[in-house]
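Visitor: Could you take me through the salt bridges here, with a close look at how the partners sit relative to the surface?

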Amino acid sequence: MKADESGFEITQGQGAWVIRMWWPTGPITGGPQRITVEAAEGAAVRDVARGISTTVLRRLDLAAAMKLAESAPELQEGMADVTAKVEQAGEAAGLLLTNEGVSAPYLAMLAATYKSMADMGAPAPVPWLARLISRRPETVKDHLKRARREGYLTTVAGKAGGELTEKATSTLAAFGNSEGRRD
């Protein structure tokens, strides 16, 4: 495995070919974002001349590459940092709910935290979020539905997550600015 600030690459050899798989820095939520297949150094000319076969592609071991990537110490540190930031955002949403009720800043923060959880591949973002805001999962689901209905979060059919809307980002920015002025 080779890593730098933009991401990391895992290499596998398959006969006359070298397969490089690249992931960006951050949590691993699926397969690589780029795969390159090149002739291996010293590969027989006759094997390279035939081109890349479907057999070479079928032998690509994505599961092993992902397992190796997930166990890399550099990525574990990055994942811990991301998880800590998500936890802080969830706790902040809980404080907003306690102090202001189901307000615009709360819905925007809830949507942003939920999106982050889904983007990082959290297997169960709603129960995690419920724990952070000290509410039942059913309540969090209702609040997320409201956030979607009121235009803070888009829907992705059949999947957790969504995209933050302009309304959500501007609400968060305005809330952040007002928090900074209170000090």
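Guide: Let's begin with Arg20, which is partly exposed in this predicted model, at a relative accessible area of 27%. Its partner Glu9 has a relative accessible area of 16%, and since buried means under 20%, Glu9 counts as buried. The two form a salt bridge whose closest N and O atoms are 3.6 Å apart. This pair links distant parts of the chain: Glu9 belongs to strand β2 (residues 7-14) and Arg20 to strand β3 (residues 17-24), with their positions 11 residues apart in numbering.

Now turn to helix α5 (residues 104-119), which holds both Lys115 and Asp119, four residues apart, or about one turn of the helix. Here the salt bridge brings the closest N and O atoms to 2.4 Å. Lys115 is buried at 16% relative accessibility, whereas Asp119 is partly exposed at 42%. As for shared partners, salt bridges join Glu9, Arg20 and Glu38 into one network, so do keep Glu38 in view when you go back to the strand pair.

One further pair is worth a visit: Arg50 and Asp47, whose side chains meet in a salt bridge at 3.8 Å, N to O. Arg50 is exposed, with 66% relative accessibility, while Asp47 is partly exposed at 28%. These pairs are among the eight salt bridges that a search of the whole structure finds.

Key
Residues numbered from 1 in each chain as written. Predicted model: local features only at pLDDT ≥ 70, side-chain atom pairs only at ≥ 80, totals over all residues. Heavy atoms only, no water. Salt bridge = Lys/Arg side-chain N within 4 Å of Asp/Glu carboxyl O. Helix = DSSP H or I, 4+ residues; strand = E, 2+ residues; numbered from the N terminus. Buried < 20%, exposed > 50% of the residue type's maximum accessible area, 1.4 Å probe, protein only.
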